[in-house]
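Walk through this model from one residue outward to the whole chain. Keep the viewer open as you read.

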Amino acid sequence: MKNVKFLIFTAFIFSFFIASGQEYSWLMEKEHTDALDWPPELIQKYKNADPDILFIAILNSIGVDGIPTGNDNYGRPIGTAPGNDTIVTTTVRQRYHYCVPACDDPRTDENSTKGGWMKVSVDRGKTWTGGMLRDIVGETQKWGVCCGRSIGAHSDTVFIAVPEGLYTSANRGLSWQAVDVKRGLEYEGRSLYLAPEIRWHTKAGMVVLSHRPAEYRVTDDAKIYISNSLDGGRTWNTAWVTIGGEDNIQWAEPSICPIANSDDFFVFGRQSMDDMPPAQGILQYKNNKWQFEKVKYTDIPWKDGRHDTDGIMYNPQTDRFEAAVSYRSTFPGEEDMSIKLFSIDRKNALQGDNHWRFDGTIHSRQKGYGLGKGEGQHTGGIAVTDTHAFISFGSGTGPELWANSYMVRRTLDTDKLRRYLMSLNGRENLACDEYLSEWSQNWSITRPVTSIHDGRWDNSKSTGVTDGTEAWVIYDFKATRALYDMELFSDSKGEHRIWSWKAEYWNGNTWELIFDEKVFLHHEWARQKLPDINCQKIRMSFTGGIDGVQVPEIRIWGSELQ
């Protein structure tokens, strides 16, 4: 009887995939259910999405490619070739983070020296063809892939850099050749661990950021290696550059993107202290020297735990810098294996603002971090065409079977994508930046009122009020909306516990009570189903212990009036 029920359920799911207009039956194969381990609501997001808004494809998998990659399958798409139809990707194939010196570590095996995968799409990311980079380049391959790899494109040429040298392709990734390198990407004889992208600078030529494998945590002033080449990668000049900034940022594998109408780069991403959020800054090339400006931590929510690689892009449609951030929290009960999207207005970021807007989640494992639960998902350089951005990541069942990698294609219409990712059964989460209107003045500086909306703090502990027992916030939807449900996440305890929460709506003259409920929750959601309410403004208030309250997240589900 159980088998009959399973077959009926499988048939139903399969028919749903086909009915949605996008063939996603592969998502139900054990290889991918184990690797992705998505919650049902995320599966529904992809199944129901207009593929022009959100789409996912397989880059590489155990079932197709046969040999596990180990625990650091690093998906990295490059910038696109001319025409906006062609995207070239590489995926590092290695069991360990790095080898010192390059590729002579006794732990390495055939997985580390085959050169990784090379996949090309000529139909805007719908299908991918290719194989092992070593096979594509040929047996004359000169270098392995340890210590990381960067990829990039300029004009018609595509580049792949490894510490010892460079590969180039003049035909959009169809064939490759090794450049006769006189001086590789190294410093004082040591190979460097490369950041995701090779970028092009009008004066400095090809540019790669990197760090030494042993320098995840350095004790001296925070620095980073910057290499550039003016002769197509035959010779490289490497400088050890001080990052600066008030916070002594120590970047590791940062992602960079060009700043519109400028020769400068915007730098973003992981830094060596895993318990701190991603950092941002501006990289300039003046008088043949590199320098950083406005370096600081972002306000992107973070938990004490594991931070992994990130990708940054500039979106010309929104005039925003947009990031894909890898979360790898390892604490029991707070495991978080996901990739979340954030963005910031370009002009604000260049002025030093560090407040990022949460735009949604594109990957989220249910079982979290650890052996047999998927050891991580790396994402890196984001490819951008005229209509879409392409974000690759890896995910798998454990350190020795961690092999699958996937490509997410998302629209450049970020507002449309954001509304879709943050909706639930057609209902929008109205607790967001756009509608934040007024608030009490007792929110803390380190965890301001902006920390409680958009799901930005995502179950993380956040002290909202430091000097009182009540805090409130008002959302103005700018038009009358139909409201359905409200949710409050509580991760507080002791003297910061939330004692009650209250909701009121503005009737045009005064505030009218919707509900006033006592809550004694810990690490869970309080939910209130609302009576039929159409309104433009909502005020939510919270009371708590003698040291204030912790309010990690609010959701207000509503929709436009029909």
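Start with Ser559, which lies in strand β35, residues 553–560. The model is a predicted one. Is Ser559 buried or exposed? Its relative accessibility is 12%. The cut-off for buried is under 20%, so Ser559 counts as buried.

What does Ser559 touch, once residues up to four places away in sequence are set aside? The list is Arg481, Ala482 and Tyr484. With Tyr484 there is also a polar contact, side chain to side chain, at 2.7 Å.

Now move to an open sheet. Four strands make it up, in the order β1-β27-β26-β25. The pairing is antiparallel. Strands β1 (54–60) and β25 (383–384) are the edges, and each pairs on one side only. Look at β1 and its partner β27, residues 404–411. Six bridges join the two in the antiparallel sense. To find the register, pick Ala57: its bridge partner in β27 is Met407.

Strand β1 also leads into the interior. The largest nonpolar core holds 35 residues. Which residues have the most contacts inside this core? They are Tyr46, Leu54, Ile56 and Ile362. Several elements give two or more residues to the core. Among them are the helices α2 (30–36), α3 (40–48) and α8 (414–421). The strands β1, β23 (336–345), β26 (388–395) and β27 do so too. The biggest contribution is from β1, with five residues.

Tyr46 is a good place to inspect this core. Leave aside its neighbours within four places in sequence. Tyr46 is then in contact with Tyr24, Trp38, Leu54, Phe55, Ile56, Ile362 and Val408. Two of those names, Leu54 and Ile56, are also on the list of residues with the most contacts inside the core. So is Ile362.

A second core is separate from this one and has 32 residues. Leu430, Ala471, Phe477 and Ile533 are included in it.

Finally, zoom out to the protein chain. How many helices and strands does its secondary structure come to? There are eight helices and 35 strands. Of the 562 residues, 59% are buried. Take the contacts with a separation of 6 or more: 65% of them join residues 24 or more positions apart. The chain exposes about 22500 Å². Carbon and sulfur atoms supply 49% of that area.

Technical notes: Residues are numbered from 1 along each chain as its sequence is written. This is a predicted model: local features need pLDDT of at least 70, side-chain atom pairs count only at pLDDT 80 or more; totals for chains, interfaces and linings use all residues. Side-chain values use heavy atoms; hydrogens and water are left out. Two strands pair if DSSP finds at least two bridges between them. A nonpolar core is a set of buried Ala, Val, Leu, Ile, Met, Phe, Trp, Tyr and Cys residues joined through side-chain atoms within 4.5 Å. Buried means under 20% relative accessible area, exposed over 50%, partly exposed in between (1.4 Å probe, protein chains only). Contact means heavy atoms within 4.5 Å. Accessible areas come from the Shrake-Rupley method with a 1.4 Å probe; for residues, only the protein chains shown count as cover. A polar contact is a pair of N or O atoms within 3.5 Å; within protein, one must be able to donate a hydrogen and the other to accept it, and residues adjacent in sequence count only if both atoms are side-chain atoms.
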